[in-house]
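Subject: Handover of a protein structure

Dear colleague,

Please find below the sequence and the structure that I am passing on to you. My notes on what was found follow directly after them.

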Amino acid sequence: MNESEIKAIAHQLSCPQGEAGIEIGHKMNALNAFITSRTIEVFSPKPNEVIAELGPGNGVLSESMVHTLGKNGCYYGIEPSDVMAEEARQRLSGNACTVDIH
């Protein structure tokens, strides 16, 4: 792997973009699933809480937490990747609580 390929991968990991970014997002879900689920377990979100998450990616790993918040809860996701933010918005907006992802 040459230096430009390494830089391209590093850029996708920091801010996934386009079709390659979507694929990176899926791989990141697999790699981060354990630590994310453990973190959510430790914080143990409750119905009606307000939660902000930095870097929710495509939202797959946040679904159970957002569902737990219920219709009166509020979830804010701060995601630098436009493609990941859009996927998270689509995935999580069907939940009962307020969802806002930027």
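The lining of the largest pocket draws at least two residues from each of α1 (3–14), α2 (18–43) and β1. Please bear in mind that this is a predicted model.

Of these contributors, α2 gives the largest share of the lining, with 8 residues. In total, 27 residues line the largest pocket, and those nearest its centre are T36, E53, L54, G55 and P56. By chemical character, the lining consists of 14 nonpolar, 10 polar and 3 charged residues. The volume of the largest pocket is about 520 Å³. As general background, rolling a probe the size of a water molecule over the atoms reveals where empty space remains.

How confident is the predictor in the protein chain? The average pLDDT of the protein chain is 90, and 99% of the residues reach a score of at least 70. Confidence is highest in strand β1 (residues 50–54), with a mean of 93, and lowest in strand β3 (residues 98–101), where the mean is 76. I would ask you to keep the value for β3 in mind when you read about that strand below.

The overall layout comes next. The protein chain contains 4 helices and 3 strands, and along the sequence they follow the pattern α-α-β-α-β-α-β. The C-alpha trace spans about 50 × 25 × 15 Å along its principal axes. The protein chain has 102 residues, and 36% of them are buried.

Which strands pair with one another, and in what sense? β1 pairs with strand β2 (residues 74–78) in the parallel sense, over 5 bridges. Within this pairing, V50 has C74 in β2 as its bridge partner, while the partner of E53 is G77. β2 also runs parallel to β3, to which it is joined by 4 bridges. On that side, Y76 stands opposite D100 in β3. The connection from β1 to β2 involves a helix: together with helix α3 (residues 63–69), the two strands make a right-handed β-α-β unit.

The side chains of β1 can be sorted by face. In a regular strand, side chains alternate between the two faces of the sheet. In β1, I51 and E53 form the covered face, whereas V50, A52 and L54 form the uncovered one. E53 and L54, which belong to opposite faces of β1, are both among the residues nearest the centre of the largest pocket.

Finally, the loop between α2 and β1 deserves a few remarks. Most residues other than glycine have a negative phi. Which residues in this loop have a positive phi without being glycine? One is S44, with a phi of about 35°, and it is found in the loop between α2 and β1. Another is N48, whose phi is near 75°; N48 is placed in that loop as well.

Are these loop residues buried or exposed? A residue counts as buried under 20% relative accessible area and as exposed over 50%, with partly exposed in between. S44 has a relative accessible area of 30%, so it is partly exposed. N48 is partly exposed because its relative accessible area is 48%. E49 also lies in the loop between α2 and β1, and its relative accessibility of 32% means that E49, too, counts as partly exposed. E49 is 17 residues away from V66 in sequence, and the C-alpha atoms of the two are 9.8 Å apart in space.

With kind regards

Methods. Residues numbered from 1 in each chain as written. Predicted model: local features only at pLDDT ≥ 70, side-chain atom pairs only at ≥ 80, totals over all residues. Heavy atoms only, no water. pLDDT = per-residue confidence, 0-100. Pairing = 2+ DSSP bridges. Right-handed = clockwise from strand over helix to strand, strands pointing away. 1 Å grid on protein atoms, 1.4 Å probe; cavity = no way out; pocket = protein on both sides within 12 Å on 5 of 7 lines; lining within 4 Å. Points joined across faces, edges and corners; volume = space filled by probe spheres on them. Nonpolar A, V, L, I, M, F, W, Y, C, P; charged D, E, K, R; others polar. Buried < 20%, exposed > 50% of the residue type's maximum accessible area, 1.4 Å probe, protein only.
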